[in-house]
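Reader: Before setting up any calculation, I would like to go through the pockets, the confidence and the backbone details of this structure, one question at a time.

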Amino acid sequence: MEGPAEPSPLLHMIGNAHIDPVWLWRWPEGCAEAIGTCWAAVELLEAHEGVVFTRGEAALYRWIEDYDPSLFARIQALVRRGSWAIVNGWWIQPDCNLPHGEAFIRQALLGKRFFRERFGVEVNVGYNVDSFGHAATLPMLLRHTGFESYVFMRPQEHEKSLPGALFDWVSPDGSRVAAFRIQVAYTTVHQALRERIEHDAELARTGGYPFMCFYGVGNHGGGPTRADLAVIRDAQADGLAIAFSDPNRYFAAVAAVERPEVGGDLQYHAIGCYAAVSALKALNRQAEARLSQAEAACALAMARVGATYPHAKLRELWESLLFNQFHDILAGTSIPSATNDALQALGGVVQGADAILNGAIRRLAAGVAQAPEPTDATFLVFNLTGAPQRVPIEYEPWLVWQSKEPRRLLDHAGNEVPFQDLPSECYANGVRRLLLAPDVPACGYTMFRFVLGTPAPVSSLGLSATDTALENARWRLEIDPVSGGIDHWIDRATGRDLLAGVGHLPIVVDDPSDTWSHGIDRFGLMGNSPTCERVEVLETGPIRAALRVHCRGSDCTITSTYLMHADPAQPIEIRVQIDWRARRKLLRLCYPLALAAPTFRCEIPYGSIERPADGREWPGQRWVLATEGGTGYGIALANESKYAYTAEGTTLYVTALRSPAFAHHDPYQLAPAGEYLFQDQGAHSLTIRMGAGPAVGAVEAYWLAEELLRPPVVTPHVAREGRAPWRAGLFGIQADTTVLAWLKGAEDSDDLVARLLELEGRPGVVILPGGSEGMPIGSYGLRTARGRPNRGWAACDGLERPLGSETSS
């Protein structure tokens, strides 16, 4: 006969060793510390029966597997014994605001696969205890990849009030995970363990449910000590209901506990991280976009011409990207040498993705029929997004050396296409740079030929440029002669001036905070603006007109090039060049909008969220949408590299640059005459696109960003043996407010995998290529489908497992 069940402990003691693989040291040091810490943990567990150690992050386990196989084998044995608990299930503990939604799915796809193959475990506890805030869509992304619970610490109690340490965290689409906020810290470096135990035990008694109590040395590794074990056993001997445990056992123990609901994202901690080290942010965004184009091209090449999908090469690039999205790397809070490592690694991701993209494009192009005249300057334009593109592009077709003959541009059907000559990137006779706006189907291509002949005259459709204004049939921009910003942005269709003051106004603001901006939730909104020195008319059409404005301040020079197209459907574009020499200051770009009672919605990982216009600093991704109350008139702003936004009243601010000292952590005081390295010194570039109108909503804002980050790809057409038509759409969906957010090859077959995202809170159905039945998608939902147009489609989770399988959530 079995005895009475052992009572559930009041405190689950979680032995752990938080390891920052990069922070105040470079990654080789982090690698060594990970190995050393895990050796210490193995020896402790082997000597003390019943003790449990918790560890996550597949990247660190990969180091151990590669560099210390004996240690790896002993960890495997401890996992089998139940003494070593694996959590997190991700490649690393990333920043949880800035990466693209697809990057979070890949954290789980690669991390869970590693743990499943090496340890035979299915990790279902998410674990990001040191990340600097958590996006509102994470519960959806966690559930979509098989997680049921989540452990975090930041924001702490003084940064965000929560109804309890244990709660259900709910995404906008309704997905939920059980979440637990660690109290005080994940380490016991700054507090005696017995004191921590009594503190957390009192919280558990007050809350009426068990708590987790974390102990062990952290940051630079370390882990539980023998002294820690003695304290815990003394507390047990004194009658405290505590036990060695891990997060898996904890969430099983509180499964029946009634939990309050918490929606939205979990902020704030360290608002300065959204803008620190601008170059890292720009390369991260570029790497994500280039991987998206490369994977889409590879998937299409596999489906269209039977090309081999380069799984291993893509996986290696993703592992590098995911590692460098670690929270102290992407946040810009590491030392300069470690930051330089990351910049080089992210540049390698971009370069590697470019090589894969070129290979896939070449395979696709090889299947396209030869042009009528092989000696023409013939090129293909590929669109690797899920919607048709008519995006202006600049391209330099190679012509006969020193050629000066006039040429016409023809499309796939032989129709003449208007174009505009631009200055080339080189200074040589006969090299021509063309501006054109090709019409390319979704996930498709179109052929163009630059042939000998006199081009037909091109109508500019009312496009004009002076040194004070740009104008077309729909828009008028007037430049403020003092600041060089936009004095008026007039929608000629409605007669509205969309600005309530000077827009695109640079403001240099004092920023005495440390690298993280600890202890604050906003930066100043007032400061000095550079002064306009001169305005020049750069382009006069017929396709596009441009003004260039040169401004100078005491610590910076800013050159803004305003671009307007004859086609009124094209957005306003602003290309910004900055030479930044300020220290302990930040640069904001200000847009006072003439909208009544606007709401501000910004993109977050695979979703969007409404932000309050209260002057606080918020993380966001590629686009922000301001929508007027009552009328629904929308103004969308997209950029290719910034992540920090503020709104106050009707004014939107983009935080473009910050210049704290590297790795400056309060309470350390910088000496007034000290020698320090400051961030973001030197040259920077930024592109902004703006769209507006009565029907501009989240879908339009999304495509504004997509076309900026994933523009058409151009390649010379040199194939000779293809049979495919000169224009084709290879993959498109039918949906209302749902977009094709990502296209890739399946991990374990020649299926295609399509990521579908609903943007406006309107549930509906999506029809995939070759499908006759719609796939339902919920409000703000994310769906993954796998299949082929000729085989049909099935819904699956983010790990590409059929929904309803035993391992799918």
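Reader: What volume does the largest pocket have, in this model?

Author: The model is a predicted one, and the values given here are computed from it. Among its pockets, the largest holds a space of about 1400 Å³.

Reader: Which helix gives the most to the lining of the largest pocket?

Author: The lining of the largest pocket is made up of 46 residues, and those nearest its centre are Glu 394, Arg 433, Glu 573, Arg 575 and Thr 687. By class, this lining has 21 nonpolar, 12 polar and 13 charged residues. The helix that gives the most to it, with 7 residues spread within the range 278–305, is helix 9.

Reader: How many charged residues are in the lining of the second largest pocket?

Author: The second largest pocket has a volume of about 670 Å³, and its lining consists of 30 residues, with Arg 154, Gln 156, His 269, His 518 and His 665 lying nearest the centre. Sorted by class, that lining has 11 nonpolar and 11 polar residues, while the number of charged residues is 8.

Reader: Over which residues is the pLDDT below 50, with 0 contacts beyond near neighbours in sequence?

Author: The protein chain has a mean pLDDT of 96, and 98% of its residues reach 70 or more. Where pLDDT is low, the predicted coordinates should not be read in detail. For residues 805–809, where pLDDT stays under 50, the model has 10 contacts beyond four places in sequence, whereas the stretch with pLDDT below 50 and 0 contacts beyond near neighbours is residues 1–5.

Reader: Which strands are the edge strands of the open sheet with the order 4-5-7-6-10?

Author: This open sheet has 5 strands with mixed pairing, and within it strand 5 (residues 149–152) and strand 7 (residues 176–181) pair in the parallel sense over 4 bridges. An edge strand pairs on one side only, and the two that do so are strand 4 (125–128) and strand 10 (261–263).

Reader: Which residue is joined to Pro 667 by a cis peptide bond?

Author: Most residues other than glycine have a negative phi, and most peptide bonds are trans. A cis peptide bond with omega of about 15 degrees joins Gly 541 and Pro 542, and Pro 542 is found in the loop between strand 23 (531–540) and strand 24 (544–552). Pro 667, for its part, lies in the loop between strand 34 (651–658) and strand 35 (682–693). The cis bond to Pro 667, with omega of about 10 degrees, comes from Asp 666.

How values were computed. Residues are numbered from 1 along each chain as its sequence is written. This is a predicted model: local features need pLDDT of at least 70, side-chain atom pairs count only at pLDDT 80 or more; totals for chains, interfaces and linings use all residues. Side-chain values use heavy atoms; hydrogens and water are left out. On a 1 Å grid over the protein atoms alone, a cavity is a set of points where a 1.4 Å probe fits but cannot get out, and a pocket is an open set with protein on both sides within 12 Å along at least five of seven lines; lining residues have an atom within 4 Å of a point. Grid points are joined across faces, edges and corners, and a volume is the space filled by probe spheres set on the points. Ala, Val, Leu, Ile, Met, Phe, Trp, Tyr, Cys and Pro count as nonpolar, Asp, Glu, Lys and Arg as charged, and the others, Gly among them, as polar. pLDDT is the predictor's confidence in each residue, from 0 to 100. Contact means heavy atoms within 4.5 Å. Two strands pair if DSSP finds at least two bridges between them.
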